[in-house]
Amino acid sequence: MQLIKSDINIDFIGKNNIAYALSIILILLSIGSLIVHKGPNYGIDFVGGTIIQIKFSEQVPVGEIRSGLADIGFNDASVQNFGHDRDNEFLIRTSNLEMTDKGLSLSITDAVKASTGIAPEIRRVEMVGPQVGKDLRKKALLAIFYSLLFITIYISGRFELKWVLSGVTAGSLMTAVYFLSVFNVSMIVLITAALVITLALFWILSLKYAMGAIVALLHDVLITVGIFSILNLDFSLPIIAALLTIIGYSLNDTIIVFDRIRENIKGAKTTDSLPLLFNKSINETLSRTILTSTTTLIVLFALYFLGGEIIHNFAFAMIIGVIIGTYSSIFVASPIVLLAHKR
């Protein structure tokens, strides 16, 4: 199925400066939001605490629920609507971990019934200790970092046959990060430094395709996390799963473009013809890119609007990731490879 004519010739490479400006603005906004909010709005998976989902048989003011919780000492509890207003469901978040699931459910039921006059139905109770949350946060960062490095090994071997060189580089960085993490070095600082060193090494070692891929993937992850921070949405384990899925999706699209680039630049005698060849490669794969992204987005929008509140943030992260990933394959990964080829 071909949505776009095969002879189309859009000058993507000629719009690099506009794309770079847009990407830089989005990245700066993301970093700025993360600094202002002191990181993402971590859910209880990462910071520890308790989350309780309750349902009423009729409409109840949020203020009355908060009043009932304050009466039993839950002054730090936050209460928010869950799902549609007509569902009369609420999420209660608190740092209280002193009670068992059963004791907490009974206390909240009695307190809320006393303040609202209606006995709520406890739909779910989730409890995570602060140490467990800290460990999960650390492992989530490592999972993203290791996945990026393993991807660069694959890209370097797949397109440049430099399996050993890229493997040794990535292996050394992973080993260094692992051992330094044992000494309680800040994980965010450590991984950021490791990624900067990785990009520098790829540039020095002329691992062009690996560098283009990892820059694009970092671009996608950072902007997605930044949008969650700007909108103050919960950042939980399902969002980590979404980020890893986004990395895989974006890489798949990038590899398709890279394959066509590699085929078209064979025999190119001068670097002057490279921009034309890169443009040709992107245009030749454009129909497939649009078709894949569109069909994926149809499913994700169905999940977002029909999948319920539990999967809402996951679907939203995937929608943002697919859009940004498609954009980065064309306007970030390919121009980086072109720049490295010219060098």
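User: How much of the chain is buried?
Analyst: Buried residues are 46% of the 343 in the chain. Buried here means under 20% relative accessible area, exposed over 50% and partly exposed in between, with a 1.4 Å probe and protein chains only.

User: And what am I looking at, exactly?
Analyst: A predicted model, where local features need pLDDT of at least 70, side-chain atom pairs count only at pLDDT 80 or more, and totals for chains, interfaces and linings use all residues. Residues are numbered from 1 along each chain as its sequence is written, and side-chain values use heavy atoms, leaving out hydrogens and water.

User: How many helices and strands?
Analyst: The chain has 12 helices and 6 strands; these are DSSP runs numbered from the N terminus, with helices (H or I) of at least four residues and strands (E) of at least two.

User: Ser166 next. Where does Ser166 lie?
Analyst: In helix α6.

User: Is Ser166 buried or exposed?
Analyst: Ser166 counts as buried, because its relative accessibility is 1%.

User: What does Ser166 touch?
Analyst: Leaving aside residues up to four places away in sequence, Ser166 touches Thr152, Ile153, Ser156 and Leu207. Contact means heavy atoms within 4.5 Å.

User: Which backbone oxygen does the Ser166 side chain reach?
Analyst: That of Trp163, at 3.2 Å.

User: Switching to Val185: where is its place?
Analyst: Val185 sits in the loop between α6 (163–182) and α7 (187–204). With a relative accessible area of 34%, Val185 is partly exposed.

User: How does the whole chain span along its principal axes?
Analyst: The C-alpha trace spans about 80 × 50 × 30 Å.

How values were computed:
A polar contact is a pair of N or O atoms within 3.5 Å; within protein, one must be able to donate a hydrogen and the other to accept it, and residues adjacent in sequence count only if both atoms are side-chain atoms.
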